[in-house]
Amino acid sequence: MPSEDPEVEFDRVAADIELRRLQEAWTPSHQGVTTTSGRAYALKCLAWRRAHKPEKIDNGSLYAGSPMYFYCNACGHVSDVLPEGYIMGPSHICEECVALKQFGWLE
Ligand SMILES: [Zn+2]
């Protein structure tokens, strides 16, 4: 991981807190009562994730037997980590973006 300057780190923490609040709001019993501000938060978090994509791990460069890393098509963050020789196909969308997709907020 590249070292981050304190300001970036602060933004990351703020985005994490907002994401957690969103995820709490997105329990099934609350679906349908999402607000404009919830959408704004979600899109802000998505924009943050897109602007702070992790460096992708090249699965081909890992030792035999290493887990395989897969990345979200929407935001570029890790969407799945599977053991080598996985049977079920990997997910190409991360948990945060799945929620956005469910609400039709993914552009
Ligand atoms: Zn994503």
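Me: Which residues does Leu-46 touch, not counting residues up to four places away in sequence?

Reply: Two residues are in contact if their C-beta atoms, placed from the backbone, lie within 7 Å. Here Leu-46 touches Cys-75 and Leu-100, once residues up to four places away in sequence are left out. Leu-46 lies in helix α2. The C-alpha atoms of Leu-46 and Ala-74 are 8.5 Å apart, with their positions 28 residues apart along the chain.

Me: What kind of model is this, and how are residues numbered?

Reply: This is a predicted model, in which local features need pLDDT of at least 70, side-chain atom pairs count only at pLDDT 80 or more, and totals for chains, interfaces and linings use all residues. Residues are numbered from 1 along each chain as its sequence is written.

Me: How should I read pLDDT, and where does it stay under 50?

Reply: pLDDT is the predictor's confidence in each residue, from 0 to 100. The protein chain averages 79, and 73% of the residues score at least 70. Over residues 28–33 pLDDT stays under 50, and the model has one contact beyond four places in sequence for them. Where pLDDT is low, the predicted coordinates should not be read in detail.

Me: How many helices and strands are there, and in what pattern?

Reply: Helices (H or I, at least four residues) and strands (E, at least two) are DSSP runs, numbered from the N terminus. The protein chain has three helices and two strands. Along the sequence they follow the pattern α-α-β-β-α.

Me: How do β1 and β2 run, and how many bridges join them?

Reply: Two strands pair if DSSP finds at least two bridges between them. In this model strand β1 (residues 68–71) and strand β2 (residues 78–82) run antiparallel and are joined by four bridges. Met-68 has Leu-82 in β2 as its bridge partner, and Tyr-69 stands opposite Val-81 in β2. The two strands form a hairpin with six residues between them, and Gly-76 in the turn has a positive phi of about 90°.

Me: Why does Cys-45 count as buried?

Reply: A residue is buried if 20 or more other C-beta atoms lie within 10 Å of its own, exposed if 12 or fewer, and partly exposed in between; the C-beta atoms are placed from the backbone. Cys-45 counts as buried because 21 other C-beta atoms are within 10 Å. Cys-45 is found in helix α2 (residues 36–51). In space Cys-45 and Cys-75 are 9.9 Å apart, C-alpha to C-alpha, and in sequence they are 30 residues apart. Leu-46 is also buried, with 20 other C-beta atoms within 10 Å. Of the 107 residues of the protein chain, 14% count as buried.

Me: Which residues make up the largest nonpolar core?

Reply: A nonpolar core is a set of buried Ala, Val, Leu, Ile, Met, Phe, Trp, Tyr and Cys residues joined through C-beta atoms within 7 Å. The largest one has eleven residues, among them Leu-19, Cys-45, Leu-46, Cys-72, Cys-75, Cys-97 and Leu-100. Helices α2 and α3 (95–102) each supply at least two residues of this core.

Me: Which residues of α3 are buried, and which exposed residues are on the face turned away from them?

Reply: Glu-96, Cys-97, Ala-99 and Leu-100 are the buried residues of α3. They lie on the same side of α3 because they cover an arc of only 155° around the axis, the arc being that of the directions from the helix axis to the C-beta atoms. The face turned away from the buried side carries the exposed residues Glu-95, Lys-101 and Gln-102. Gly-104, just after α3, takes a positive phi of about 70°.

Me: Are Asp-58 and Asn-59 exposed, partly exposed or buried, and what does Asn-59 contact?

Reply: Asp-58 is found in the loop between α2 and β1, and Asn-59 is in that loop between α2 and β1 too. Asp-58 counts as exposed, with 8 C-beta neighbours inside 10 Å. Asn-59 has 13 C-beta neighbours inside 10 Å and counts as partly exposed. Leaving aside neighbours within four places in sequence, Asn-59 is in contact with Met-68 and Tyr-69. The C-alpha atoms of Asp-58 and Tyr-69 are separated by 7.9 Å, and those of Asn-59 and Phe-70 by 8.7 Å.
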